[in-house]
Amino acid sequence: MTWTEPNPDRVADFLISHGYSSTAEPLRIEGSTRRYYRVRSTDGSRSAVLCVSSPFVEENDDFLSITDQLHRAGIRVPQILGIRPEEGLLLQSDGGTHDVEQWFPTASRDEQKSAYRSFVSDILKMQSIPLEPPVAARFFDFEKLNWEMEFLFERVQEFMRLHRVDIFLSFEFRMFLQEVCAALGAQEPAVFVHRDLHSRNILSGSDGFTIIDYQDARTGNRYYDLVSLLFDPYLDPGKEIRDDCIQYYFEQTGLEKGRGILYLQALQRILKALGSYLYLGLEQKKESYLQCIEPAIARLEVIMHLGRFPDSVFLFLLDCRRKLLPALDL
């Protein structure tokens, strides 16, 4: 590819100095402002991933410190191969050419079930990490969780303005979600939360799975990562695997109660995802995210029935299916 930013000569110099070619393959664009590329060693024997982020200051970059924390906890994460802070360049080991969303349809049911149990085990390992900066300084408290709901409301209101449809956003719905966020923000003990643990952020390689995109980790509810994984709009693992993983989590933690809070967190998390898809797809013109809106609504419908939530939630989701999706031609 042709480099325009940072300086192409400096990128080439950085890669060559670590034994890699300057020829790079752009990887799938997600919501992050960072850009990722796969590069190959000059002898063609191995690959690595180049992350470009600017500005980038080494001592303030959360990725480095959180990588170390996860590594110490026994979680498979990318190895740092090289870094050039002044250019915003970071070279890391390649966890695999496919993510779990791509791997899942090719795997047997036993392989799928085993993999998801291993992901839950990684969540448990993360929750055992002592809270240190920068994770300890960032919280999924009421303010943060409620801000995510307000962000959703703004996106839906902008959608209604543009498409001239009326989506049910009642006072009762808003007040219920405020109560949900207050309950979730008050849960103890607070734990290490990846924040974006889903099928596209777990890579599948010949020697196992690698977790990525954890630089925004923060302190929060113990169910946040679990519901992100099991109610993932990108990939539905199915009821059998979802139920097995929830049961496995409760067995491993020794918790007897908590499913009610789990479903509250699932509702908040996937509503947040819905707001992000509307923003990225419609306002940022990343149209691939529009295809994630219907699966997100489908997951929310499942969560609604599991949590037995009030009618205001049902009416919002009903309007999303009957009005929002047709307006988007989905």
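**Cysteines and helix packing in a predicted model**

Biologist: Why does C320 form no bond with the closest cysteine sulfur?

Modeller: A disulfide is counted when a pair of cysteine sulfur atoms lies within 2.5 Å, and the sulfur of C320 is 15 Å from the closest cysteine sulfur, that of C292, which is too far for a bond. By this rule the count is zero disulfides. The model is predicted, so local features need pLDDT of at least 70 and side-chain atom pairs count only at pLDDT 80 or more, whereas totals for chains, interfaces and linings use all residues. Residues are numbered from 1 along each chain as its sequence is written, and side-chain values use heavy atoms, with hydrogens and water left out.

Biologist: What makes C320 and C51 count as buried or exposed?

Modeller: Buried means under 20% relative accessible area, exposed over 50%, and partly exposed in between, with a 1.4 Å probe and protein chains only. C320 has a relative accessible area of 0% and C51 has 8%, so both are called buried.

Biologist: How do you know whether α5 and α6 are roughly parallel or antiparallel?

Modeller: Helices here are DSSP runs (H or I, at least four residues), numbered from the N terminus, and their axes are lines fitted to C-alpha atoms over the stretch in contact, with angles from 0 to 180 degrees between N-to-C directions. Helix α5 (residues 142–163) and helix α6 (residues 171–185) pack at about 155°, with their axes 8 Å apart. Angles under 35 degrees count as roughly parallel, over 145 as roughly antiparallel, 65 to 115 as roughly perpendicular and the rest as oblique, and α5 and α6 are therefore roughly antiparallel.

Biologist: What makes α6 roughly perpendicular to α11?

Modeller: The axes of α6 and helix α11 (residues 311–327) come within 9 Å and cross at roughly 115°, which means that the pair is placed in the roughly perpendicular class. Contact means heavy atoms within 4.5 Å, and here E172, F173 and F176 of α6 meet S312, V313 and F316 of α11.

Biologist: Why is S312 called buried, and which residues does S312 contact?

Modeller: S312, in helix α11, has 8% relative accessibility, and therefore counts as buried. Leaving aside neighbours within four places in sequence, S312 is in contact with F168, S170, E172 and F173.

Conventions: Helix = DSSP H or I, 4+ residues; strand = E, 2+ residues; numbered from the N terminus.
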